[in-house]
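Time to open the notebook and jot down what I looked up today. Here is the structure I had on screen.

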Amino acid sequence: MDRPDLDDDATGPIRRITDEVSPSPARGASGTSGAPRKPVRRTPPEGARRAADPGRRRADTGPQRVPGDKRADTGPQRAARRGDTGPQAMPGTKPRPPKKPEPETGHGHGHGHGPAAPASKRVKLLLIWLLAPLALATVVAMIVLYPWGKPDPTSVVPQGTPVAANITTTATGPCLAQGQVQVGDQTDPNAKPCLTVDLTMTDGPANGKQLKLTVPIEPSTPRFAAGDAVVLAYNGGNAGDPASFQLVDFQRGTPLLVLAALFAVAVLVLGRWQGLAALVALGLSFLVIALFILPAILAGENPLVVAIAGSGAIMFIALYLTHGLSARTSAAVLGTLVSLALIGVLSAIFSAAASLTGLDDSTSTLIGSLGHGIDSRGLLLAGVVIGALGVLDDVTVTQTSAVWELRRANPDLSWQELYRSGLRIGRDHVGSAVNTLVMAYAGAALPVLLYSSISGVGLGALLGSEEIAQEIIRTLAGSVGIVAAVPVTTILAALIASREPAAYLSSTTKAVPSHP
C-alpha cells in the first residue's frame with residue numbers, strides 16, 4: 001500500500017518514501033487539473049534509508065521534488081496532495097510557512113549583521129506623512145526664532161581679554177601694593193597672605209615681557225606654581241602696568257585636545273564608518289547649540305521653545321546621520337519627539353507649581369552681565385530638555401532596533417506581540433537609563449548638595465530649597481520622559497514594523513554556513 005510515513009525533526013517534516021509507486025489516479029493524487037498521470041517510482045531504497053536516518057540530511061532543507069515531476073510543490077496545494085514529496089503537516093498541527101531557499105553550502109542560515117533592508121513603499125509613505133510636518137515645524141521654528149539682523153549681545157560687565165603667560169617663580173608673603181616695601185618682620189597674624197608671581201607674557205600687547213602680580217590667597221583661589229601656563233585678563237589699559245592684568249585661570253587647551261583626540265580614535269576604532277558619522281553628528285549638534293540655541297536665548301526668545309526647536313534639529317541630524325535613513329530610525333525619531341514634548345510639559349507644570357525661579361548663582365551672573373532680564377525659569381526648563389535628549393536617543397534607538405529584529409526573526413508576529421516582546425526588553429533598559437540621568441544630574445549638582453548638607457537645616461527644608469528643588473524636578477521630569485519613551489517608542493515601532501512585508505525584512509548580508 002502507498003501510505004506515507006511522516007516524521008519531524010529540527011528542520012521540519014521529512015518524508016520517508018518506500019519503493020512503492022505514486023498513488024493511482026483513483027486516489028486523487030493527480031496534478032491540479034485532476035488528470036491522471038503515469039506512476040513514477042519515487043526514490044531508490046538507498047535514498048529512502050538516507051532520508052529516514054535522522055543523523056544524515058540533505059544539504060538543503062527545503063522541499064524536494066521528484067525528478068520528472070513538474071508540478072509546483074509549494075502553496076496551499078501541498079496540503080491537499082498526498083502523493084507529492086513536499087513536507088506534510090501532521091494532523092491537528094498548523095502548517096508552517098514556506099521557507100526561503102538557502103545557499104546549498106551545507107545547512108545555511110542568515111544573520112542580520114548588515115544594514116537594514118529598505119522600507120516598503122507603504123511604510124515610507126506612512127513615515128513621510130508623520131515626520132514631514134514635524135521636520136517642517138522644526139525648520140520654521142528655527143527660522144522664526146533666530147535673531148536675524150540683531151547685534152550680538154555683549155556683557156555690560158568688563159570681563160577682560162584673555163592673555164596667555166607662563167609663571168617663572170612664586171613667593172608667599174604679605175600683601176603689598178605695587179612699589180610698597182615691607183619694613184621689619186612685624187606682620188599682622190590675622191592678615192591673609194598673598195602670592196607673588198613672576199610671569200612671562202606669551203601673547204597679547206606685552207608679548208615676551210616680564211610681569212609681577214600679587215594674588216590674595218583665599219580658600220577659593222587656585223594654587224599656582226612655577227612652570228604653570230596661566231591665563232590673564234587684560235582690561236585694555238597700559239600694557240606695562242601690572243594693574244592692567246589679572247591672574248584668572250590655567251591654560252587647559254593641550255590636555256583637552258589630547259583627550260578629544262583619544263575619544264575620537266576610540267570611537268573610530270570601534271565604530272569605523274558609523275563612528276565617523278557619530279563624530280560628525282556630534283560636531284553638528286554643537287553647531288546647532290552655538291549658532292542657534294545660544295543666540296536665540298540671549299536675544300530674549302523663550303528658552304523652552306528655543307530648546308525644543310534646537311533639540312528637534314539635533315535629533316534629526318544625529319539619528320539619521322548616525323543610524324541611517326531607515327524606517328527604524330524614523331520610528332526612533334517619532335518616539336524621541338513625543339518624549340521630549342512630554343518632558344517639556346511636565347517640567348513647565350511642576351516648576352510653576354513649585355514656584356521655581358531658576359535664579360541660581362550662574363543665572364544671576366548671566367543676568368548681571370546681560371544688563372537686562374531673561375526668563376530664568378524657561379532657562380531651567382531648556383536645560384532639562386537638552387539634558388534628557390542624549391539619554392532619550394539611546395532608549396528610542398534600542399527599542400526600535402529590538403522590535404525590528406523581533407519582526408525579522410518571526411514575520412508572523414502581530415503588532416501586539418511585537419509590542420509585548422519589545423516592552424519586556426525595554427524594562428531591562430529603562431532602569432539603567434534612569435540611573436544614568438540621575439547620576440549625571442547629581443554629579444553636576446554635587447557642590448550644591450554638599451553646601452546644603454552642612455547648612456544645618458532639616459531634610460524637608462533642604463529638599464525644598466531652590467537649588468535642590470531644581471535638581472529634583474530636572475531629574476524626575478527627565479526620568480518620567482525616559483520611562484514613557486519605552487512604551488511610546490515600542491508601540492510606534494511595532495505598528496510600523498508590522499506593516500512591513502516579509503520580503504523587506506530580510507538582511508542584506510549573505511547566509512553564513514554553519515559548522516558541522
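In which helix does L291 lie? I found L291 in helix 4. I kept in mind that this is a predicted model.

Next I checked how open L291 is to the outside. Its relative accessible area is 51%, so L291 counts as exposed, the cut-off being over 50%.

I then looked at the surface around it. L291 belongs to a nonpolar patch of about 750 Å², along with L268, W273, L276, V280, L284, L287 and L321. Helix 4, which runs over residues 253–298, gives the most to this patch, with 7 residues.

On to helix 9, residues 415–444. I tried the length check: 30 residues at 1.5 Å a residue should span 44 Å, and the end C-alpha atoms are 41 Å apart, which agrees. I also noted a kink of about 30° in helix 9, centred on H429.

H429 is also among the buried residues of helix 9. The others I listed are L418, S421, G422, L423, G426, V430, A433, V434, L437 and Y441. I recalled that an α-helix has 3.6 residues a turn, so residues three or four places apart point the same way. What do the buried residues of helix 9 pack against? I found helix 8 (376–409) and helix 12 (466–497) as their partners.

Last, I took the whole chain. I counted 12 helices and 9 strands. Of the 516 residues, 34% are buried. The chain exposes about 30000 Å², with carbon and sulfur atoms supplying 64% of that area. Among contacts between residues at least 6 apart in sequence, 70% join residues at least 24 apart.

Terms used:
Residues are numbered from 1 along each chain as its sequence is written. This is a predicted model: local features need pLDDT of at least 70, side-chain atom pairs count only at pLDDT 80 or more; totals for chains, interfaces and linings use all residues. Side-chain values use heavy atoms; hydrogens and water are left out. Helices (H or I, at least four residues) and strands (E, at least two) are DSSP runs, numbered from the N terminus. The expected span of a helix is 1.5 Å times one less than its number of residues. The bend at a residue is the angle between axes fitted to the seven residues ending there and the seven starting there. Buried means under 20% relative accessible area, exposed over 50%, partly exposed in between (1.4 Å probe, protein chains only). Contact means heavy atoms within 4.5 Å. Patches are made of residues with over 30% relative accessible area and no salt bridge: like charges are joined within 9 Å, nonpolar side chains (Val, Leu, Ile, Met, Phe, Trp, Tyr) within 5 Å. Accessible areas come from the Shrake-Rupley method with a 1.4 Å probe; for residues, only the protein chains shown count as cover. A salt bridge is a side-chain nitrogen of Lys or Arg within 4 Å of a carboxyl oxygen of Asp or Glu.
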